Amino acid sequence: MTVTDTTPPASPDAGTVEIERTGQHHDIAVLTLRRERKLNALSTHLESVLLDALRSQEVRTSRAVVVTGVPRAFSAGADTGELREMTPETIAEYYRSSGAVYESFAALPQPTVAALSGYCLGGGLELALAADIRVADPDTVFGLPEVGIGILPSSGGVTRLVREVGPARTRDLVLRGRRFGAREAYAWGLIGEIAEGGSVREKAVEIAAELAGQPRLAVSVAKQVITAATDAPREAALLLEQLAYAALNRSG
Ligand code: COA
C-alpha cells in the first residue's frame with residue numbers, strides 16, 4: 001500500500017512513502033522512502049507523508065517497524081532548496097508540523113530498525129538516529145554536512161549523536177562535517193550491523209522479526225526505559241527500572 005497526500009504533489013519529484021506489511025505473522029511494517037530522483041531528500045512534503053505513514057493503521061498495529069530508502073540513498077538529508085526559504089518563524093512552525101516526524105518516529109511504542117544504504121546524510125542520518133537499531137549496507141556514506149552550509153543538525157541529531165557516541169566524536173563529525181563509511185560507523189557503535197552488500201533490507205526485516213517475536217509490552221516498556229534512563233539522574237533511572245519490572249512481572 002502507498003500513502004499519499006490528498007493534495008496533488010507539488011512536482012513529479014515530490015516523493016512518497018510505501019508501506020508494506022511483512023514477516024511470517026505479517027506483523028512488521030516496512031516504510032520505504034521513495035524520492036529517488038532527489039536522493040530521498042527530506043522535503044516537508046516527504047516528511048508529512050512519512051508522518052502520515054507513522055500514524056497509519058498498518059504501522060499502529062505492527063509489532064516492529066523498518067524504515068528504509070532506495071539503494072542510492074536512505075536520504076541525502078533535508079531538502080536544501082527549502083532550507084534557503086526558512087525564517088525563524090517558519091522554522092518554529094516547521095517543528096510543530098512535518099518536522100515533528102523525527103520525534104514521532106523515535107516515540108513509536110514498538111521497536112524500530114533503520115536499513116541504510118547509499119547516502120545517509122544530514123536529516124537522513126538524524127532520522128536513522130531516531131531508530132532503535134541501525135543496520136547498513138557496506139557502501140553507505142554517512143555524514144552531517146550542515147555546519148558546512150552554515151547551519152547545524154537540528155532534528156535531534158546533535159542531541160542523539162552525543163548520547164550515542166559521546167561529545168568528542170560528535171564534535172569531530174558535526175564541526176568537520178566529514179563523510180564516513182559503514183566500517184567507521186560500526187566501530188563507533190553508531191550502527192549495530194553491516195549487512196552483506198545488497199541485503200540490508202532483508203537483514204533489517206530479520207532483526208525486526210526477532211523484535212516482533214519478543215513479548216510486546218516488555219519490549220515496548222524496555223525501549224521507553226532505555227530512552228528515559230539515558231537522561232534521567234541515576235537514582236531516578238534505577239527506580240524507573242525497578243518500577244517497570246514490577247509492572248511487567250505479571251504481564252507475561
Ligand atoms: N536536497 C534537495 N535536493 C537534493 C539533495 C538535498 N539534500 N541531495 C540531492 N539532491 C538532488 C540534486 O539536486 C539532484 O537533483 P537534480 O537532478 O534535479 O539536479 C539529485 O538529487 C541528484 O543529486 P546529485 O547531486 O546530482 O547526485 P551526486 O551523486 O552527484 O551527489 C550528493 C550526491 C549527496 C553528494 C549531493 O547531492 C549532495 O551533496 N547533496 C546535498 C547533501 C546535503 O547537504 N544534505 C544535508 C542538507 S542539511
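The exercises below work through strands, helices, cores and two buried residues of a predicted model.

Local features need pLDDT of at least 70, side-chain atom pairs count only at pLDDT 80 or more, and totals for chains, interfaces and linings use all residues. Residues are numbered from 1 along each chain as its sequence is written, and side-chain values use heavy atoms, with hydrogens and water left out.

**Exercise 1.** Determine how strand 3 pairs with strand 2 and strand 4, and whether strand 3 is enclosed or not.

Solution.
- Step 1. Helices (H or I, at least four residues) and strands (E, at least two) are DSSP runs, numbered from the N terminus. Strand 3 covers residues 28–34.
- Step 2. Two strands pair if DSSP finds at least two bridges between them. Strand 2 (residues 16–22) pairs with strand 3 in the antiparallel sense, over 7 bridges. In strand 3, I19 has L31 as its bridge partner, and E20 has V30.
- Step 3. The two strands form a hairpin with 5 residues between them, and G23 in the turn has a positive phi of about 100 degrees.
- Step 4. With strand 4 (residues 64–68), strand 3 pairs in the parallel sense over 5 bridges. The bridge partner of V30 in strand 4 is V66.
- Step 5. Buried means under 20% relative accessible area, exposed over 50%, and partly exposed in between (1.4 Å probe, protein chains only). Because 6 of the 7 residues of strand 3 are buried, the strand is largely enclosed by the rest of the structure.

**Exercise 2.** Describe the packing of helix 10 and helix 11.

Solution.
- Step 1. Axes are lines fitted to C-alpha atoms, for helices over the stretch in contact, and angles run from 0 to 180 degrees between N-to-C directions. The axes of helix 10 (residues 216–231) and helix 11 (residues 234–248) come within 10 Å and cross at roughly 170 degrees.
- Step 2. Helix 10 is therefore roughly antiparallel to helix 11 (under 35 degrees is roughly parallel, over 145 roughly antiparallel, 65 to 115 roughly perpendicular, the rest oblique).
- Step 3. Contact means heavy atoms within 4.5 Å. Helix 10 contributes L217, A218, V221, V225, A228 and A229, and helix 11 contributes A237, L240, E241, A244 and L248.

**Exercise 3.** Identify the largest nonpolar core and the helix that gives the most to this core.

Solution.
- Step 1. A nonpolar core is a set of buried Ala, Val, Leu, Ile, Met, Phe, Trp, Tyr and Cys residues joined through side-chain atoms within 4.5 Å. The largest has 43 residues, and those with the most contacts inside it are V17, L31, F105, L116, F142, L161 and F180.
- Step 2. Helix 1 gives the most to this core, with 6 residues. A second, separate core of 15 residues includes I28, V135, A208 and A212.
- Step 3. Helix 1 (residues 44–54) is mostly covered, with 8 of its 11 residues buried; among them are H45, L46 and E47.

**Exercise 4.** Place R160 and S155 and list what each touches.

Solution.
- Step 1. R160 lies in helix 7 (residues 157–176), and S155 is in the loop between strand 9 (141–143) and helix 7.
- Step 2. R160 is buried at a relative accessible area of 17%, and S155 is buried at 8%.
- Step 3. Not counting residues up to four places away in sequence, R160 touches Y102, E103, A106, L129, A130 and S155. With the exclusion of residues up to four places away, S155 touches Y94, Y95, Y102, E126 and R160.
- Step 4. S155 and G99 are 56 residues apart in sequence and 7.3 Å apart in space, C-alpha to C-alpha.
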